[in-house]
Amino acid sequence: MSKGNPEGAQSLSPQEDRAPSGEGRLLIVDDSSGVRDVLAIKLQREGYVVSTSENAHDAVAMLEGRSFDLMLLDIRLPDMNGLTLLRQLREKQNLLDMPIIMISGLGQPEDVVSALRDGANDYVTKPFDLGIVLARVRTQLALKELKQAKDRFLQIASHDLKKPIMLVLDIARQLRLDSQPGSPRTDDEHSSLSFIIETGEYMQGIVEDLLNWGALREGRLRLTTLPTDLGAVVRQAVTRNSVYASSKRISLKMEFTNDIPTIMADDSRIMQVLENLIGNAIKFSPEDKTITVRTFRDGDSLACEVCDQGPGIPDAEREKLFVAYSRLSNRPTGGETSSGLGLAICKEMIHLHGGEIGARNNPDAGATFWFHLPCD
């Protein structure tokens, strides 16, 4: 029985009340222990975090104590009709926020019609074809994820893009009013143009993150792997971030060993990862600190580390580091903002290369973000 379950409810998941990245938390409500066990085992093998309940009363108590991404709900329950529970749940959560798949018998077609009319997303019938159950669960979770992605995009568009666009337009309009054709630009006008460029690059970065994340989640992003000198990619990434580091009086150092082999990789995607890790290190570091980028051979892998002297990683937030849209307690030292997708994209990019990525706190101060790529 999992921590926090009410008496009479069961959980077959040994994990905490959270889901693996990209999966979901499921609740199965059925009075048959055989049905609960068969569904739970199948869904757990697919990576889902599964909790179960044998009646409506315990299911409601579980829903009040934690959140679930999807429910499988039997129409026939010992203490309440499943349709009644469905209607109660729909008063609080809509079809996309909480998908509900009804479980019915073959002889209950009228109940299925009522369930779909009252807000069920789908249904499965006993005896189960487990492949069909899994496909329907995946479909409903995918639809929910699309809805969440839309909500996040609207939030980013309204918060992180709307204000910069308004500022850029205001400055551009003022420049048009103040500037005379053929006249030299004043220092204020040059500063305004620089601000427009910086703001445009910031907005471009957010849009690129959203597009990359969408391509990754839909499996549309493909690597173009070629023989790659990781040292050269590191040097270019450090150069690209040198102006940003100088603006915060931060020193960038590089350390290389002599046994760095050429690897097969998509250098543009590795550059994207490095720029994100180096940029984050600069973003969260105080002034007059040093960031060191190390590259070295580690057995069958080529390792790269970005070591900073910032605040480090709070222990309670380690598991959020590479999760999309996570907001951590550390704040950028220069008031910078981001899309919340950078580290999640880095993780997926490195995994596409067959590598690993992670982070650790340094013994003295700061944190080290690292990734390993396989050598041929």
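**Exercise 1. Strand pairing around β10**

Find which residue of β10 is the bridge partner of Lys253, and work out in which sense β10 pairs with β8 and with β11.

*Solution.* Begin with the single residue: in this predicted model, the bridge partner of Lys253 in β10 is Thr292. Next, turn to the strands themselves, where β8 and β10 pair in the parallel sense over six bridges. Then look at β11, which pairs with β10 in the antiparallel sense over seven bridges, with Thr295 standing opposite Cys304 of β11. Finally, examine the hairpin of β10 and β11, which has two residues between the strands and in which Gly299 takes a positive phi near 65 degrees.

**Exercise 2. The buried face of α7**

Determine which residues of helix α7 are buried, and explain why they line one face of the helix.

*Solution.* First, list the buried residues of α7, which spans residues 230-240: they are Leu230, Gly231, Val233, Val234, Ala237 and Val238. Seen down the axis of α7, these buried residues fall within an arc of 160 degrees, so they line one face of the helix. The general background is that an α-helix has 3.6 residues a turn, so residues three or four places apart point the same way. Now ask what this buried set packs against: the partners are β7, α8, β8, α9, β10 and β11. As a last step, go to the start of α7, where a side-chain oxygen of Asp229 comes to within 3.0 Å of the backbone nitrogen of Gly231.

**Exercise 3. The span and burial of α1**

Compare the span of helix α1 with the expected value, and then say which of its residues are buried.

*Solution.* Helix α1 covers residues 33-45, a run of 13 residues, and reaches 18 Å from its first C-alpha to its last, which is close to the 18 Å expected at 1.5 Å a residue. Its buried residues are Val35, Arg36, Leu39, Ala40 and Leu43. Viewed down the axis of α1, they fall within an arc of 115 degrees, so they line one face of the helix. After α1 comes Gly47, whose phi is positive, near 100 degrees.

**Exercise 4. A lysine in a loop**

Decide whether Lys248 is buried or exposed, and identify the residue whose side chain joins that of Lys248 in a polar contact.

*Solution.* Locate Lys248 first, in the loop between α8 and β8. The relative accessible area of Lys248 is 9%, and since buried means under 20%, Lys248 is buried. The polar contact, of 2.5 Å, joins the side chains of Lys248 and Thr333. Residues that Lys248 touches also include Ile282, Asp288 and Glu336.

Note on methods: Residues numbered from 1 in each chain as written. Predicted model: local features only at pLDDT ≥ 70, side-chain atom pairs only at ≥ 80, totals over all residues. Heavy atoms only, no water. Buried < 20%, exposed > 50% of the residue type's maximum accessible area, 1.4 Å probe, protein only. Helix = DSSP H or I, 4+ residues; strand = E, 2+ residues; numbered from the N terminus. Arc of directions from axis to C-beta. Contact = heavy atoms within 4.5 Å. Polar contact = N/O pair within 3.5 Å; in protein donor to acceptor, adjacent residues only side chain to side chain. Pairing = 2+ DSSP bridges. Expected span 1.5 Å × (residues − 1).
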